[in-house]
Amino acid sequence: MQSDADIHALAATLLDWYREMGVDAAVADHAVDWLARGDVAPGAAFRLPPSSVERIPEFPPPGGEGLGAGGIPTSHVRESPPPFPLPQGGRVASPRPDPRPGFTATPPDAAELAARTVARNAASLEELETALAAFDGCGLKATAKNLCFYRGSPRARLMISGEAPGRDEDLEGKPFVGRAGQLLDKMLAAIGLKEDDVHITNVVYWRPPGNRTPTPQESQVCRPFLERQMELVEPDIVLLLGGAAAKQVLDVTEGIMRIRGKWREIDIGGRPVRTMATLHPAYLLRTPAAKRQAWRDLLAVQAALESGPAK
Ligand code: URA
């Protein structure tokens with residue numbers, strides 16, 4: 001019979017092997033024995049239905065999902081169920097980060113201090129990106145493939161921040177280039193804006209393994225960079241996508257449904273700047289009926305841009 005120590009050693013070896021193979025997130029609570037299912041290709045059960053993979057929904061919402069008479073939706077949109085059950089909270093759990101050989105993250109307090117110093121010293125976005133690329137204080141860097149700094153214009157009246165890069169963003173090294181990003185582009189087009197009119201970023205600059213929400217410490221250590229980025233971009237308005245971005249930038253604890261659609265002021269380098277939180281495009285992809293709320297928020301942003309000072 002095997003002792004507990006043997007079983008633990010075996011489990012550790014197996015986890016090491018998974019890590020070597022690039023497995024960095026659990027996708028379900030139970031393992032699937034693909035060898036016992038000889039007639040089914042490995043992974044077949046996890047394939048997304050083609051409709052949810054290909055189709056980026058329209059924005060603004062067509063027909064009844066728009067701000068129709070009395071703001072009442074006339075069409076009923078059914079939310080498609082996730083292709084496989086997600087753990088509680090809808091997030092895929094992730095194991096501990098897998099530091100690359102030679103990568104040692106700086107301890108949290110020292111890291112935040114270092115972040116403040118290097119971010120403050122950056123005189124341009126180029127310098128800020130160079131400083132970020134050299135910064136080892138955020139543990140997310142260990143598992144990410146690329147730094148995702150921003151896309152869009154270096155100076156813009158509208159700055160947009162999401163939560164964190166996902167898989168597509170990590171591969172390309174740019175924020176919001178996957179499905180959520182495509183919907184974001186449609187949302188912006190709906191209010192007459194294109195990529196060159198905006199500056200798009202995230203509250204953390206590296207992909208969290210398994211697309212989990214960044215920890216408060218990971219967001220906090222990136223914050224000095226985000227603050228400096230805001231100073232350099234000099235936006236008139238900051239649009240925050242989703243609860244994680246809103247909580248981090250606005251320092252609030254309420255959920256996104258409570259804080260969305262309301263104007264709040266933040267101080268950017270001694271300058272008051274208006275912010276609005278709205279629903280994250282990834283949430284809108286899963287919950288099309290919520291698009292009318294996001295549309296309302298975007299119309300408010302459009303009106304504010306039209307009435308505000310031109311850059
Ligand atoms: N979701 C985000 O919050 N940011 C991205 O860049 C992509 C998806």
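The following paragraphs describe the surroundings of the ligand and then the aromatic contacts in this predicted model. Local features need pLDDT of at least 70 and side-chain atom pairs count only at pLDDT 80 or more, while totals for chains, interfaces and linings use all residues. Residues are numbered from 1 along each chain as its sequence is written, and side-chain values use heavy atoms, with hydrogens and water left out.

The residues around the ligand, each with a heavy atom within 4 Å of it, include Gly162, Glu163, Ala164, Asn202 and His280. A backbone N or O atom of Glu163 lies 2.8 Å from a ligand oxygen atom, whereas for Ala164 a backbone N or O atom lies 2.9 Å from a ligand nitrogen atom. Asn202 instead places a polar side-chain atom 2.8 Å from a nitrogen atom of the ligand. Of the 230 Å² of accessible area (Shrake-Rupley method, 1.4 Å probe) that the ligand has on its own, the protein covers 90%.

Turning to the rings, the structure holds five aromatic pairs (ring centres of Phe, Tyr or Trp, the last by its six-membered ring, within 6.5 Å). Phe59 and Trp295 form an edge-to-face pair (planes over 60 degrees apart), with 5.7 Å centre to centre and 80° between the planes. This pair links distant parts of the chain, 236 residues apart, since Phe59 lies in the loop between α2 (50-54) and α3 (108-121) and Trp295 in helix α11 (residues 291-307). Phe59 is buried (under 20% relative accessible area, 1.4 Å probe, protein chains only) at 7%, and Trp295 also counts as buried at 12%. Elsewhere, Phe149, Tyr150, Tyr205 and Trp206 form one aromatic cluster.

How values were computed:
A polar contact is a pair of N or O atoms within 3.5 Å; within protein, one must be able to donate a hydrogen and the other to accept it, and residues adjacent in sequence count only if both atoms are side-chain atoms. Rings of Phe, Tyr and Trp (its six-membered ring) pair if their centres lie within 6.5 Å; planes under 30 degrees apart count as stacked, over 60 as edge-to-face and the rest as tilted. Helices (H or I, at least four residues) and strands (E, at least two) are DSSP runs, numbered from the N terminus. Buried means under 20% relative accessible area, exposed over 50%, partly exposed in between (1.4 Å probe, protein chains only).
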